[in-house]
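Here is a short briefing for a reader new to this structure. Keep the sequence and the 3D view open while reading.

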Amino acid sequence: MIIHHLGEDPSILNRFIAELRDVNIQADRMRFRYNLERIGEILCYEMSKFLQYKSELVKTPLGEKKVQLPKDEIVICSILRAGLALHQGLMNYFDYADNAFISAYRKHTSETDFDILVEYLASPSLEGKILFLADPMLATGRSFINVYEALAPLGKPKQTHLFAVIGSEQGIEYLEEKFPEDTHLWIATIDPALNKHGYIVPGLGDAGDLAFGNKMQG
């Protein structure tokens, strides 16, 4: 796996990450969602440098100009529900892309153990396309793996790019074992550990709850 850890270098990205983590700012759900969206835009811009481009002629009121535009078809697939705000950020920059949505949630079997269940999928064919797979929190890595396996019957993507805001070292190591070597991971920041419940430490808490409100526990 090819890892692009954008938070390693000083940039305005770190401001948005800090606000996501800050317990005082987290109370503002709209700002929390907007920061996820802005981080998605930054990750997407950096990723865009790795696409293939073709030259096209654009006619202006005063003449013509050749420009380099992306040549591949793209599908943005986000993991519900926490991925919705991040999805918007990716879609802001790739507004011509097709979109897919898939559910993945933790079904707790004990206080500290859980399964990842996938119950909903709406997606176009992925055959020969560039797949963007987005989930803000990369904790254990199991959600990304289960979702990727659920998408397999829809065709083999030309490339796969994973997008996350915060990941754990353990989760990233797990993805490196499971995903093809040419998979790209675009991530804003990486934390060192998971707690006994499988949440990232220091992390930021439950991104879905902070963005959209508390849910009933299953």
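In which loop is D135 found? D135 sits in the loop that joins strand 9 to strand 10 (137-138). The model is predicted. The points below start from D135, then turn to the helix pairs, the cysteines and two cis peptide bonds.

**D135 and F179: two buried loop residues**

- D135 is buried, at a relative accessible area of 8%.
- Setting aside residues up to four places away in sequence, D135 touches I79, A82, L86 and S143, and also F144, F163, A164 and V165.
- F179 lies in another stretch, the loop between helix 5 (169-178) and strand 12 (184-191).
- F179 is buried as well, because its relative accessibility is 5%.
- Beyond its neighbours within four places in sequence, F179 is in contact with M1, F144, I145, Y148 and L162.
- F144 is thus on the contact list of D135 and on that of F179.
- F179 and F144 are 35 residues apart along the chain, and their C-alpha atoms are separated by 9.5 Å.

**Helix 1 with helix 2**

- Helix 1 covers residues 13-21, and helix 2 covers residues 29-48.
- Their axes lie 9 Å apart, at an angle of about 150 degrees.
- The pair is therefore roughly antiparallel, a term that applies to angles over 145 degrees.
- The crossing is left-handed.
- Helix 1 brings L13, F16, I17, E19 and L20 to the contact.
- Helix 2 brings R31, F32, N35, L36, R38, I39 and I42.
- By class, these residues are eight nonpolar, one polar and three charged.

**Helix 2 with helix 3**

- The axes of helix 2 and helix 3 come within 7 Å and cross at roughly 40 degrees.
- This crossing angle makes helix 2 oblique to helix 3.
- The crossing of this pair is right-handed.
- On the helix 2 side, the meeting residues are R33, L36, E37, G40, E41, C44 and Y45.
- On the helix 3 side, they are A85, L86, Q88, G89, L90, N92 and Y93.
- This contact has seven nonpolar, four polar and three charged residues.
- L36 appears in the contact with helix 1 and in the contact with helix 3.

**Inside helix 3**

- Helix 3 spans residues 83-93, and its buried residues include G83, A85, L86, H87, G89 and L90.
- The cover over those buried residues includes two helices, helix 2 and helix 6 (207-212).
- Strands are also part of that cover, among them strand 4 (74-80), strand 5 (98-103), strand 9 (130-134) and strand 11 (159-168).
- L86, one of the buried residues of helix 3, is also touched by D135.
- Is Q88 of helix 3 buried or partly exposed? Q88 is partly exposed, because its relative accessibility is 32%.
- Q88 and E37 are 51 residues apart in sequence, yet their C-alpha atoms are 5.9 Å apart in space.

**Helix 4 with helix 5**

- Helix 4 (residues 142-151) and helix 5 have axes that come within 9 Å and cross at roughly 30 degrees.
- The two helices are therefore roughly parallel to each other.
- Helix 4 takes part through R142, F144 and I145, and helix 5 through Y174, L175 and K178.
- The residues of this contact are four nonpolar, no polar and two charged.
- F144 and I145 of helix 4 are also contacts of F179.

**Cysteines**

- How many disulfides does a search of the whole structure find? The search finds zero.
- C44 is in no disulfide, and the nearest cysteine sulfur, that of C77, is 14 Å away.
- C77 is likewise in no disulfide, with the sulfur of C44 as its nearest, 14 Å away.
- A disulfide needs the two sulfur atoms within 2.5 Å.
- C44 counts as buried, because its relative accessibility is 0%.
- C77 is buried too, with a relative accessible area of 1%.

**Cis peptide bonds**

- The peptide bond from L80 to R81 is cis, with omega near 0 degrees.
- R81 belongs to the loop between strand 4 and helix 3.
- The peptide bond from V201 to P202 is also cis, with omega near 5 degrees.
- P202 is placed in the loop between strand 14 (200-201) and helix 6.

How values were computed: Residues are numbered from 1 along each chain as its sequence is written. This is a predicted model: local features need pLDDT of at least 70, side-chain atom pairs count only at pLDDT 80 or more; totals for chains, interfaces and linings use all residues. Side-chain values use heavy atoms; hydrogens and water are left out. Buried means under 20% relative accessible area, exposed over 50%, partly exposed in between (1.4 Å probe, protein chains only). Helices (H or I, at least four residues) and strands (E, at least two) are DSSP runs, numbered from the N terminus. Contact means heavy atoms within 4.5 Å. Axes are lines fitted to C-alpha atoms, for helices over the stretch in contact, and angles run from 0 to 180 degrees between N-to-C directions. Angles under 35 degrees count as roughly parallel, over 145 as roughly antiparallel, 65 to 115 as roughly perpendicular and the rest as oblique. A crossing is left-handed if the near helix is turned anticlockwise from the far one by less than a right angle, and right-handed if clockwise. Ala, Val, Leu, Ile, Met, Phe, Trp, Tyr, Cys and Pro count as nonpolar, Asp, Glu, Lys and Arg as charged, and the others, Gly among them, as polar.
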